[in-house]
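Trainee: Could you take me through a single strand up close, and then show me how the two chains meet?

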Number of protein chains: 2
Amino acid sequence: MTYCVAVAVDDGLVFLSDSRTNAGVDHISTFRKMSFFEEPGEGVLVIMGSGNLSITQSVIGALQERQGSPQGLLHQKSMAWAVQAVCQAVRDVYHRDAESLRQHGLDFNPEFIIGGEFRGEPPRLFHVYAAGNFIESTPETRYFQIGEAKYGKPIIDRVIQAETSLPAAAKCLLVSMDSTLRSNLTVGMPLDLAIVRRGELRVTLHRSIGPEDEYWNTIREGWAAALRDVFHSLPDLPLPAPPPAGS
Amino acid sequence: MTYCVAVAVDDGLVFLSDSRTNAGVDHISTFRKMSFFEEPGEGVLVIMGSGNLSITQSVIGALQERQGSPQGLLHQKSMAWAVQAVCQAVRDVYHRDAESLRQHGLDFNPEFIIGGEFRGEPPRLFHVYAAGNFIESTPETRYFQIGEAKYGKPIIDRVIQAETSLPAAAKCLLVSMDSTLRSNLTVGMPLDLAIVRRGELRVTLHRSIGPEDEYWNTIREGWAAALRDVFHSLPDLPLPAPPPAGS
């Protein structure tokens, strides 16, 4: 299973992904789900994928092969064109693989979150589906999740707004991931955290977060302890008195 | 959609259900999903159901018709026998309705949470599935959820322990419901909250909670405000300084 999430705030974009694939009793693998396409000063794209790993790797591989050529993602006219190039790569893999996968009972189920910034455009965030169709985030819906989304959704709904700072958005996504990791064992560490600050046209920060990461543990333990304190500080519902002994 | 949840703690049982069925743009209905079977001093059962309303109502209706007769739930030898009587009622409705439902593209999908206490037994909590099979809660897994379970699961995992008091468990379930209501519009008020305190052999408290309920709003608003405070009190991840202007 997978959990990937990205948010768009006024100051830029934040991305977070886990790295667990094929989780099971005796076969747990760790693969990166976050890929970077970067030409500093020209543009930057961060892509996260969920679904069958052979499909998502085929899509990303095809895109990486074109890097530097006129067909490369960062040589497209705009970010929307780059996203359409990703969609075409999804459809190419579909035409090559989907029928064979189906014969073996496997779904063609990739999804991608793509965010970044091209010179002359604001930062933008997209969600690409298996059919090669896509949607873009809006001021009303500033985040996308793929994979095991529900456990970590409430904290994002409560916290993220346009004015949320990039560090606060990163903190929010880490709390969201923590709730997901606690509830679904098939989502696993290490995590990839990336930040693209508006106007820099590069990956501002990429941090691979393992179980020993100091900041991760500060957030994780601080959040758990504070939640318990907050919970106990809220008033209890008064209950009727128990019946007198012997009644 | 539905969200029902119940927890077993040392002091007794707490139940919470929403009341929204068939949510859609132009057809939103409100039906109780919680039913009580009570013979004070002898035993008490609380049953919550999810799935197609015609199925859950048929099951509960059949059980209610037997109330007071030797086949009544509270005349069974133990709580486990009462749960098996519920399972038999599920299978009876399956044999009567499932084929016709299937012809109209409808699943036979009821699930029930059943909790209560019989004289001479501790409080017990069960989860009944559509096939009429069931599981019982354990010290390691003290709660069951049916319906839209994921949004509200993290807070339960963080808070509920054997020693949790009944009022604190009720508070926890209300926070869990609040997270669900915020994330899924098809789960709706009013809520039914019920508490069965160990040894009382009756429904200790039943509260129907509408949007104006004072305690509900205290918890809902207090939790939202405190979460935001806690969130902002946790340290931010330091970001690299932006490149100097003109670089």
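**A strand covered on both faces**

Mentor: Sure, and keep in mind that this is a predicted model. Look at β1(B): on one side B:Tyr3, B:Val5, B:Val7 and B:Val9 are all buried, and so are B:Cys4, B:Ala6 and B:Ala8 on the other, which leaves both faces covered. That makes 7 of the 7 residues in this strand (residues 3-9) buried, so β1(B) is largely enclosed by the rest of the structure.

Now for its strand partners. β1(B) runs antiparallel to β2(B), residues 12-17, with 6 bridges joining them. One of the residues we just met, B:Ala6, sits opposite B:Phe15 of β2(B). These two strands form a hairpin, with 2 residues between them. β1(B) also pairs with β10(B), residues 143-147, again in the antiparallel sense, over 5 bridges. There, B:Val7 has B:Tyr143 as its bridge partner.

On to where the chains meet. Chain A puts 49 residues into the contact and chain B puts in 50. About 4,500 Å² is buried between them, and carbon and sulfur atoms give 69% of that area. On the chain A side, A:Arg158, A:Phe231 and A:Leu237 lose the most area to chain B, together 19% of what that side buries.

There's charge pairing too: 6 salt bridges link chain A and chain B. In one salt bridge, the side chains of B:Lys150 and A:Glu148 come together at 2.9 Å, N to O. Polar contacts across the interface come to 20 residue pairs. As for who supplies the chain A side, α5(A) gives the largest share, 12 residues. By type, that side splits into 28 nonpolar, 7 polar and 14 charged residues.

Methods: Residues numbered from 1 in each chain as written. Chains lettered and ligands numbered in written order. Predicted model: local features only at pLDDT ≥ 70, side-chain atom pairs only at ≥ 80, totals over all residues. Heavy atoms only, no water. Buried < 20%, exposed > 50% of the residue type's maximum accessible area, 1.4 Å probe, protein only. Helix = DSSP H or I, 4+ residues; strand = E, 2+ residues; numbered from the N terminus. Pairing = 2+ DSSP bridges. Contact = heavy atoms within 4.5 Å. Buried area = accessible area lost by both parts, 1.4 Å probe. Salt bridge = Lys/Arg side-chain N within 4 Å of Asp/Glu carboxyl O. Polar contact = N/O pair within 3.5 Å; in protein donor to acceptor, adjacent residues only side chain to side chain. Nonpolar A, V, L, I, M, F, W, Y, C, P; charged D, E, K, R; others polar.
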